[in-house]
Amino acid sequence: MPKTQPNLYAFPGTDALAQALRAYVIQSQNAGIERHGVFKVAVSGGSLPKTLAAALLAPSSGPEDTVDFTKWEIFFADERAVPLDHEDSNYALVKAELLDKLPTDQQPAAVHAINVEHLGDIQELADQYEQTLVASFASRDSVRLPIFDLLLLGCGPDGHTCSLFPGHELLREADAWVAPIEDSPKPPPKRITLTLPVVTHAVRVAFVATGGGKKDIMKQIFDAGEGLPCALVNEAAGDRCSWFVDEPAIEGVSFPRRAYL
Ligand SMILES: O=C1O[C@H](COP(=O)(O)O)[C@@H](O)[C@H](O)[C@H]1O
């Protein structure tokens with residue numbers, strides 16, 4: 001069977017991007033709720049939470065356009081080994097940008113932060129987070145890999161995603177669902193991350209990349225691209241993977257864009 005290609009959706013600016021991202025997330029949410037009564041979604045840090053908040057906190061235009069956070073089970077695609085109120089914490093960022101702005105009757109069913117008791121031992125931190133996934137997705141004996149309804153990812157200027165960095169041995173991790181990294185080239189060095197098999201096994205994977213600072217790496221990912229973590233996700237997830245980008249981020253990229261309908 002021929003391999004499918006990722007969907008590349010480009011928008012003139014972040015307002016139009018956020019509008020389309022909202023529709024896509026709501027569609028993923030509704031499919032998840034229909035399948036198993038909840039929406040299991042993993043989010044990233046970096047620039048993503050701001051755009052995500054712009055998408056999700058916008059007023060609803062009708063019943064079809066409803067974000068039901070009470071059915072959301074939120075995980076972190078990667079997390080830095082820092083306290084939950086630290087400026088480097090992905091949890092703190094998502095909380096400040098999105099969760100703190102939700103009305104009391106729209107609090108998520110669950111928000112799975114790391115267990116900070118294990119900050120001093122990142123293997124244990126990763127193992128404990130994996131146990132959180134096991135508890136939510138059923139035991140490791142019964143499922144080979146957890147299947148998220150949606151992963152919301154960023155793309156670093158070096159082509160990293162989650163805390164999976166170019167050329168790092170973690171890209172070859174085939175067994176763990178969650179892995180520690182203690183030599184992240186981007187500070188802080190100690191982190192945990194979902195592994196590549198878990199990322200590419202999701203029902204849907206969405207990347208959000210904005211701004212001219214991303215255009216060189218986007219050319220490498222889409223036009224040259226083998227080996228970079230984001231390109232590996234594209235390759236394995238094919239058309240289950242969608243990119244929401246603004247025009248400056250893909251200036252000079254020749255990979256065909258799709259219209260978001
Ligand atoms: O370190 C990280 O960086 C990536 C990309 O961040 P961005 O600011 O370039 O969008 C992010 O997706 C990841 O969660 C974070 O830990």
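Strand β3, residues 72-76, is mostly covered, with four of its five residues buried. The model described here is predicted. Strand β2, residues 39-43, pairs with β3 in the parallel sense. Five bridges hold this pairing. One matched pair is Phe39 and its bridge partner in β3, Trp72. Helix α2 spans residues 48-56. Together, β2, α2 and β3 make a β-α-β unit of right-handed sense. Strand β3 also pairs with β5, residues 110-111. That pairing is parallel too and has two bridges. Here Ile74 stands opposite Val111 of β5.

These strands belong to an open sheet of seven. The order is β1-β10-β9-β6-β2-β3-β5, and the pairing is parallel. Strands β1 (7-11) and β5 stand at the edges. Each has a single partner strand, so one side of each is left without a neighbour in the sheet. Elsewhere in the order, β9 (residues 205-209) and β10 (residues 241-246) run parallel and are joined by five bridges. Phe207 has Trp243 in β10 as its bridge partner. In general, strands of a sheet pair through backbone hydrogen bonds, in either the parallel or the antiparallel sense.

Helices pack against these strands. Helix α1, residues 14-36, lies across β1, β2, β6 (150-154), β9 and β10. Its direction makes about 160° with that of β10. Helix α7, residues 229-237, is mostly covered, and seven of its nine residues are buried. The buried residues are Pro229, Cys230, Ala231, Leu232, Val233, Asn234 and Ala237. Their cover includes β9 and β10, along with the helices α5 (196-201) and α6 (215-224). After α7 comes Gly238, with a positive phi near 55°. In helix α3, residues 90-97, the buried residues include Asn90, Tyr91, Ala92, Leu93 and Val94. Strands β2 and β3 are among the elements covering the buried residues of α3. Helix α2 and strand β4 (78-80) also contribute to that cover.

Strand β4 is part of another open sheet, made of three strands. The order is β4-β8-β7, and the pairing is antiparallel. Strands β4 and β7 (178-181) form the edges, each pairing on one side only. Neighbouring strands in this sheet are turned by 15° against each other on average, direction ignored. Three bridges join β4 to β8, residues 191-194, in the antiparallel sense. Within this pairing, Glu79 stands opposite Ile192 of β8. Helix α4, residues 122-137, packs on the sheet and touches β7 and β8. The direction of α4 makes about 160° with that of β7.

The loop between β7 and β8 contains Pro187. Pro188 is found in that loop as well. The peptide bond from Pro187 to Pro188 is cis, with omega near -5°. Pro187 has 9 C-beta neighbours inside 10 Å, and it therefore counts as exposed, the cut-off being 12 or fewer. Along the chain, Pro187 and Asp88 are 99 residues apart. Their C-alpha atoms are nevertheless separated by 8.7 Å.

Cys162 lies in another loop, between β6 and β7. Its phi is positive, near 50°, in a residue other than glycine. Cys162 counts as buried because it has 29 C-beta neighbours inside 10 Å, where 20 or more suffice.

The ligand has 13 residues around it. Those that come nearest are Ser44, Gly45, Gly46, Ser47 and Gly154. By class, the shell around the ligand divides into nine polar, two charged and two nonpolar residues.

Terms used
Residues numbered from 1 in each chain as written. Predicted model: local features only at pLDDT ≥ 70, side-chain atom pairs only at ≥ 80, totals over all residues. Pairing = 2+ DSSP bridges. Right-handed = clockwise from strand over helix to strand, strands pointing away. Near = placed C-beta within 6 Å. Nonpolar A, V, L, I, M, F, W, Y, C, P; charged D, E, K, R; others polar. Contact = placed C-beta atoms within 7 Å. Axes fitted to C-alpha atoms, helices over the stretch in contact; angles between N-to-C directions.
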